[in-house]
Amino acid sequence: MTSDTASDFSSEGPSSPAKTTTPAGVSSLIRFLRVPSLARSVVALLAGALLLLLVVNGSTFLMIQRTAGLNAEVDTTWQVRRSARNLILNIQGAETAQRGFLLTGQPGFAAAYERARVRNPALLDAFREQMGTDPVGVASAESLTRLSADKFDEMSATLAMARQGQIGQAVSRVRTGDGKRMMDDLDAEMVRVDAWVNATLEDRRERSRQAALTTIIVNAIAGFLILTLGGIIFLLVRRYLQDMASARAAVDAVNAGLEAKVRERTGALIRANEEVQRFAYIVSHDLRSPLVNVMGYTAELEQAGKTIDAQMTKVETLAPDLVERDALTAVRDDIPEAVGFIRASTEKMDRLINAILKLSREGRRNLVPETIDMAAMAQKAADAVRHQTEAADAEVIVEPMPTLESDRLSVEQIVGNLIDNAVKYLDPKRPGRIVVSGQDRPGGWVEYTVADNGRGISDRDHERIFELFRRAGRQDRPGEGLGLAFVRNSVRRLGGSIDVESVLGEGSTFRLKFPKRLILVDSGDAL
């Protein structure tokens, strides 16, 4: 196709004009961009809506990353408190062993004291590492190092006297109260550490809440803007329909024989227009959230496009000269494609928002410790997926397990997620077998395992599977990569840990380790 306009590129003057030939596709695109039309307006508005959705998705993703970072900081703060508690408990245990040896002379107390004394430097190193370069942490670490060294010197001296047979002198030194004053100083330092931890946690929780609120506001504003763009598109389409009705009235005067057909088509257009108006009324009065409204409006807009397409097809049959090719392209190609992009983007945005809200709600919920029959709980979770295991020729075996004193809802969600995950990734090549077991561990801990003979997990993905929105292996199962990230976050909130042992193609074993008894602080979280 040759361009309708000529451009002078000759340097020799107007006597040497040159015509350039423009490809048909490029020429059509240039005309589409230059000539005002309904199609151009609709495409521009839909492109703007899509761009807005992409911006919102990007900001939502950044907010999710920020929330995940805040959760990691909160976890680190809990680890600081746990390390400090372990340190003071170790010193108290050493003091108890000291007093026991002075009173009874039994070697077991002396051995317990030695173990505590040897363990103390490692606990101090762990505390320093977790506090990092924080000025409060550095000061607390130095203070705890000095005070614990003085306390162990005092206890070692009394034990040395006792071993030499100077029991009376050792007891007299204890009665001087020096040891108690040292422990009081250690307790005071622990109070300062607790105060710092509480203030830090509150600050990071507030930042997390602000991040969630900001995300909601951004998405609400974006939803409103998208609705506005959709309304403008609707008005443009409606105006186009009205222009078509006027043109059809002119055709009636020329084609008297088609009067009945025109009247029928006009009535259909009026009914379609009324349907669109009713839809607009319902949308404007039944809003519950901007995102839900966008998704509903997208579906209705798609249906309206089909109705318009049907009507334009009929008009094209009766009076093809009245229908613009650009309008047909917009209704049949551009609008459906843009609506598809909007739907995909809103669904993704909905999943991202739900993930943020779920993490935020769970992070703010107060924990309520109670005694839990873990075997009964695991059996209930297994029964919930029995229809899936029977269909997959699999079985879930729940072995006797020790009880646990912790938050029931959190533990139910953890165990349920792990069993669901094991069922989801069974290997169809062999009968599935999932075993849930548990046993007590030394030091007031209990360990539970969920083992399966499913697909297994590659070594490089053992840590990745616990990350937010990350999945491993073949992506042939539904999911958003939230389950295991949520499990790890919940386990850590309960003061526990989770690890995975897996061999690709053989199966996986998830190990949960919890304190036998959940201890809460004033804020309602685990110690």
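## Close-up views of a predicted model

**View 1. Helix 3 packs against helix 4.** In this predicted model, helix 3 (residues 107–131) and helix 4 lie with their axes 10 Å apart, at an angle of about 170°. Helix 3 and helix 4 are therefore roughly antiparallel to each other, since angles over 145 degrees count that way. On the helix 3 side, look for Ala110, Tyr113, Glu114, Ala116, Arg117, Asn120, Leu124, Phe127, Arg128 and Met131. Their counterparts in helix 4 are Val136, Gly137, Ser140, Ala141, Leu144, Thr145, Ser148, Phe152, Met155, Ser156, Leu159 and Arg163. Sorted by class, this contact of helix 3 with helix 4 holds twelve nonpolar, six polar and four charged residues.

**View 2. Helix 4 meets helix 5.** Here we stay with helix 4 (residues 135–163) and bring in helix 5 (residues 167–175); their axes come within 7 Å and cross at roughly 160°. Helix 4 and helix 5 are therefore roughly antiparallel to each other, and their crossing is left-handed. Helix 4 contributes Glu154, Ala157, Thr158, Met161 and Ala162 to the contact, while helix 5 brings Ile167, Gln169, Ala170, Arg173 and Val174. The contact of helix 4 with helix 5 counts six nonpolar, two polar and two charged residues.

**View 3. Glutamine 79 and arginine 492 across the sequence.** Glutamine 79 sits in helix 2 (residues 38–104). Follow the chain for 413 residues from glutamine 79 and you reach arginine 492, yet the C-alpha atoms of the two are separated by 9.6 Å. Glutamine 79 has a relative accessible area of 27%, so this residue is partly exposed. For the chain as a whole, 72% of the contacts between residues at least 6 apart in sequence join residues at least 24 apart.

**View 4. Aspartate 393 in a loop.** This close-up shows the loop between helix 11 (386–391) and strand 2 (394–398), where aspartate 393 lies. Although aspartate 393 is not a glycine, its phi is positive, at about 55°. If you are checking backbone torsions, here is the residue to click on. Aspartate 393 is also exposed, with a relative accessible area of 54%.

**View 5. The whole chain, for context.** Stepping back from the close-ups, the chain has 13 helices and seven strands. Of its 527 residues, 42% count as buried. The chain exposes about 28100 Å², and carbon and sulfur atoms supply 56% of that area.

Conventions:
Residues numbered from 1 in each chain as written. Predicted model: local features only at pLDDT ≥ 70, side-chain atom pairs only at ≥ 80, totals over all residues. Heavy atoms only, no water. Helix = DSSP H or I, 4+ residues; strand = E, 2+ residues; numbered from the N terminus. Buried < 20%, exposed > 50% of the residue type's maximum accessible area, 1.4 Å probe, protein only. Contact = heavy atoms within 4.5 Å. Areas by Shrake-Rupley, 256 points an atom, 1.4 Å probe, with all protein chains shown as cover. Axes fitted to C-alpha atoms, helices over the stretch in contact; angles between N-to-C directions. Parallel < 35°, antiparallel > 145°, perpendicular 65-115°, else oblique. Left-handed = near helix turned anticlockwise from the far one by under 90°. Nonpolar A, V, L, I, M, F, W, Y, C, P; charged D, E, K, R; others polar.
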